[in-house]
Amino acid sequence: MAVEKMKMPQLGESVTEGTISKWLVAPGDTVNKYDPIAEVQTDKVNAEVPSSFSGVIKELIGQEGDTLEVGEFICSIETEGGSAEETSEEKPAEKMEKTEPANNSKPSAAPVKRDPGSKARYSPAVLKLSQEHDIDLNQVEGTGKEGRITRKDLMKLIDSGNIPKAGEAPSKPAAAPEKAPVQEAPAAPKAPAAPAPSVPVAAGDIEIPVTGVRKAIAANMLRSKHEAPHAWTMMEVDATNLVAYRNEIKGEFKQREGFNLTFFAFFVKAVAQALKEFPQINSMWAGEKIIQKKDINISIAVATDDALFVPVIKNADEKTIKGIAREITELATKVRTGKLKSDDMQGGTFTVNNTGSFGSVQSMGIINYPQAAILQVESIVKRPVVMDNGMIAVRDMVNLCMSLDHRVLDGLICGRFLQRVKEIIENTSKQSTSIY
């Protein structure tokens, strides 16, 4: 028999952690490889995690509600000896761990000092716990990756009673004479974690706990606004010809294909075409460099009653308007029936949001981190417009509102990109545009 440890998987691009929302197994349960064993929530998806092994659940290392980094152990599974490859590769590593000298100067769980100039990022679980126990996170040394503070770090402080408060010098624990004293680092130039606001609750008020997907969305939106300097631009587009074309063929299309031909499909196709011509927009900020993505994968926002999901249309530039309309329908159905998978959420390079479906005519979107921009397609409304010949006519007008990460993009390139999207939309007609 062998005991294998399962790690928190990466459930999406740029996802660094996940929260165990529900265990689907218990110690002693028998599982097969690929059987779902837990439901995990991230800022991008709520997904089932499949087992990597066949065997018996030995221990659930992570508890429900725990937020763990990608790569941290979540459970152990007792298997029938494992494969020959697994045995030969893993046994030496286990042997090395057992023979590691006890006085090793760099234990694996040693606290790591953060760079004073770095920005601290905390998971929703860490923030909630620090607020509940009034813990000053600036005085906590994390044992996570790159010195990140984990929930386990805070639980140790709470159990020891040595809780650092804002404005107080942290008291030193009594023990650990074998460790060299840690040199104090200068305070990082960042604001302490904000305490939970004190909101009066009156009779009849309803308290709604912030949990699950909503908490993950809040963390990701906060990160985007804090890290990415947002700029905003808007362009007015005459969609009269597009509206006439779509309205003419929508009935026949629905009868033939079995799903709706929406205005949104035309806009997604136009954006994908413009991204191909302006690849700088299809980029991401990566610290010391900017990554210009080769594939054009359009993220679309799909809302439910209490959450927002952002599934991805892969290689949108290679798809027809009909193909995009089909994917929009299928992805929206998956979201609303709870069948969206982690793969449906991965790989997005640019986001298009159909805010016009709610009647909005102007909005400022928060960028879907780490993408460089998001485009809001607003409601198509009839407005009087002064034509080139000086006459006034009623036209179908739509605003395209774009938020951009000013570290990656400037107004010039974004203006040209929007001009190209405008040109494509205004020239969409039965004579010049095929949906197939």
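Helices and strands here are runs assigned by DSSP, at least four residues long for a helix and at least two for a strand, and they are numbered from the N terminus. Counted that way, the protein has eight helices and 19 strands. Keep in mind as you look around that this is a predicted model.

Let's start with the whole chain. There are 436 residues, and 39% of them count as buried. If you take the contacts with a separation of 6 or more, 66% of them come from residues 24 or more positions apart.

Now go to the beginning of the chain, where an open sheet is formed by four strands. Read across it and the order is β1-β8-β6-β3, with antiparallel pairing. The edges belong to β1 (2-7) and β3 (30-31); each has a single partner strand, so one side of each has no neighbour in the sheet. Inside that order, look at β6, residues 55-60, and β8, residues 73-79: four bridges hold this antiparallel pair. If you want a spot to zoom in on, find I57, which sits opposite I77 of β8. As for what does the joining, strands of a sheet pair through backbone hydrogen bonds, in either a parallel or an antiparallel way.

Another strand to visit is β2, which covers residues 17-23 and runs antiparallel to β7 (residues 67-69), with three bridges between them. Here E17 faces E69 of β7. β2 also pairs with β4 (residues 36-41), again in the antiparallel sense, this time through four bridges. On that side, W23 is the residue standing opposite A38 of β4.

Just before β4, pause at Y34, in the loop that links β3 and β4. Y34 isn't a glycine, yet its phi is positive, at about 80°. Is Y34 buried or exposed? With 61% relative accessibility, Y34 counts as exposed, because the cut-off for that label is over 50%.

Further along the chain, the strand to find is β16, residues 350-353. F350 and V352 point one way from β16, T351 and N353 point the other way, and all of them are buried. That fits a general pattern: in a regular strand, side chains alternate between the two faces of the sheet.

β16 has parallel pairings to look at. One is with β12 (residues 298-300), over three bridges, and there S299 has T351 of β16 as its bridge partner. Another is with β17 (residues 373-377), also parallel and also joined by three bridges. In this pairing N353 stands opposite Q376 of β17. Follow the loop between β16 and β17 and you'll come to P370. The peptide bond leading from Y369 into P370 is cis, and its omega is near 5°.

Time for some helices, with α6 as our anchor. α6 spans residues 263-277 and α8 spans residues 411-426; their axes come within 9 Å and cross at roughly 135°. That angle makes α6 oblique to α8, and the crossing is right-handed. On the α6 side, the contact is made by F266, F267, A270, V271, Q273, A274, L275 and E277. α8 brings F417, R420, V421, I424 and I425. Sort these residues by class and you get ten nonpolar, one polar and two charged.

α6 also meets α7, which runs over residues 321-336. The axes of α6 and α7 come within 9 Å too, crossing at roughly 120°, and this crossing is right-handed as well. From α6, the residues involved are F264, A265, F266, V268 and K269, and they meet I321, I324, A325 and I328 of α7. By class, that contact has eight nonpolar residues, no polar ones and one charged. Notice F266: this residue of α6 takes part in the contact with α8 and in the contact with α7.

One last stop is N315, in the loop between β15 (312-313) and α7. N315 is another residue that isn't a glycine but has a positive phi, here about 50°. At 25% relative accessibility, N315 counts as partly exposed.

Note on methods
Residues are numbered from 1 along each chain as its sequence is written. This is a predicted model: local features need pLDDT of at least 70, side-chain atom pairs count only at pLDDT 80 or more; totals for chains, interfaces and linings use all residues. Side-chain values use heavy atoms; hydrogens and water are left out. Axes are lines fitted to C-alpha atoms, for helices over the stretch in contact, and angles run from 0 to 180 degrees between N-to-C directions. Angles under 35 degrees count as roughly parallel, over 145 as roughly antiparallel, 65 to 115 as roughly perpendicular and the rest as oblique. A crossing is left-handed if the near helix is turned anticlockwise from the far one by less than a right angle, and right-handed if clockwise. Contact means heavy atoms within 4.5 Å. Ala, Val, Leu, Ile, Met, Phe, Trp, Tyr, Cys and Pro count as nonpolar, Asp, Glu, Lys and Arg as charged, and the others, Gly among them, as polar. Two strands pair if DSSP finds at least two bridges between them. Buried means under 20% relative accessible area, exposed over 50%, partly exposed in between (1.4 Å probe, protein chains only).
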